[in-house]
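Visitor: I'd like to go through this one by asking why things get the labels they get. Can you take me round?

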Amino acid sequence: MTATPEAKRYTTVAIILHWLIAVMLVSLVFVGWWMEDLGEAARAGEISFGQVQAVYNWHKTAGILVLLLSLARLGWRFTHPVPALPATMKPWEALGARAAHIGFYGVMIGMPLIGWAMVSNSSLPTRLFNIEGFNLPGLPVPDVEAVHEVLGSAHSAGGWVILVLLALHAGAALKHHFLDRDGVLNRMVPGLNVPPQNAQD
Ligand code: HEM
């Protein structure tokens, strides 16, 4: 559904999904990087391989949950009105905001799918919620070295894309709040109700 000037805030469901997915995305990036050191620690005998496996399983489970939540959010986005961007925004700012939002949906859905594809031919099963036997089925991915490499590089780069998008998105939100003072942040932060000063909406 398109943006409507009547909607002043995002719906409660949209706000919950926004913050839940945001926290999960950032945590997944840092846990992903941490996982690289864990293998080293296990080889050095500092932790057990079982513990490393558990962290991997939780990373993968949380990633699959992000995929499901993001699909739900996309469904919600298309069926519920969202507040229009302030009329005071310049066309390039509105274009940038839309591009960042589309980029976020891309990584929210693309990153879990790439991660899932990456482990689809692994001999070690992905145990959802670290429960024995509750295994994630594999996607039909060719078991070829070149494919593994491309997927691994894409998953690695995706972590940086998420952090860059986040910096742009959060920076823009803070600019709206402290410099433009147009009430945009109110729409996504529960309880925040700073009266807009310059906005025409
Ligand atoms: C939004 C979801 C996800 C995010 C943001 C994310 C992020 C990351 C990041 C940043 C890394 C470190 C990559 C590197 O620097 O080399 C990583 C590693 C990894 N991720 Fe994900 N991930 C997500 C979902 C998934 C899913 C769904 C799976 C599998 C079902 C998965 C499997 C893995 C594996 C196996 C590694 C370790 C790769 C290695 O040891 O080289 N990820 N993830």
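Guide: Sure, starting with a helix pair: in α3, A97, A100, G103, F104, V107, G110, M111, I114, G115, A117 and M118 meet L151, G152, A154, H155, G158, V161, I162, L165, L168, H169 and A172 of α4. By class, that contact of α3 with α4 holds 15 nonpolar, seven polar and no charged residues. Bear in mind that this is a predicted model, where local features need pLDDT of at least 70 and side-chain atom pairs count only at pLDDT 80 or more, while totals for chains, interfaces and linings use all residues. Residue numbers run from 1 along each chain as its sequence is written.

Visitor: What makes two residues "meet", and what counts as polar?

Guide: Being in contact takes C-beta atoms, placed from the backbone, within 7 Å. For the classes, Ala, Val, Leu, Ile, Met, Phe, Trp, Tyr, Cys and Pro are nonpolar, Asp, Glu, Lys and Arg are charged, and the others, Gly among them, are polar.

Visitor: Why are α3 and α4 called roughly antiparallel?

Guide: The angle between them is about 155 degrees, with the axes 9 Å apart. Axes are lines fitted to C-alpha atoms, for helices over the stretch in contact, and angles run from 0 to 180 degrees between N-to-C directions. Under 35 degrees is roughly parallel, over 145 roughly antiparallel, 65 to 115 roughly perpendicular, and the rest oblique. So α3 and α4 come out as roughly antiparallel.

Visitor: And what is the handedness where α3 passes α4?

Guide: That crossing is left-handed. The label applies if the near helix is turned anticlockwise from the far one by less than a right angle; clockwise would be right-handed.

Visitor: How do α1 and α2 pack?

Guide: α1 and α2 pack at about 155 degrees, with axes 9 Å apart. That value makes α1 roughly antiparallel to α2. Their contact has 21 nonpolar, five polar and one charged residues, and the crossing of α1 and α2 is left-handed.

Visitor: Why, then, are α1 and α4 called oblique?

Guide: Their axes come within 10 Å and cross at roughly 140 degrees. α1 and α4 are therefore oblique to each other. The crossing of α1 and α4 is left-handed. Here L25, V26, V29, G32 and W33 of α1 meet G159, I162, L163 and L166 of α4, which by class gives seven nonpolar, two polar and no charged residues.

Visitor: What makes A117 buried?

Guide: A117 has 20 other C-beta atoms within 10 Å, so A117 is buried. The cut-offs are 20 or more for buried, 12 or fewer for exposed, and partly exposed in between, with C-beta atoms placed from the backbone. A117 lies in α3 and, leaving aside neighbours within four places in sequence, is in contact with L139, V141 and L151. Of the chain's 201 residues, 14% count as buried.

Visitor: Which residues come nearest to the ligand?

Guide: G32, K60, G63, G115 and G159 do, out of 26 residues around the ligand. Near means a C-beta atom, placed from the backbone, within 6 Å. Among the elements, α1 gives the most to that shell, with seven residues. By class, the shell has 15 nonpolar, nine polar and two charged residues.

Visitor: How many helices and strands are there?

Guide: Four helices and two strands, in the order β-α-α-β-α-α along the sequence. Helices (H or I, at least four residues) and strands (E, at least two) are DSSP runs, numbered from the N terminus.

Terms used:
Two residues are in contact if their C-beta atoms, placed from the backbone, lie within 7 Å.
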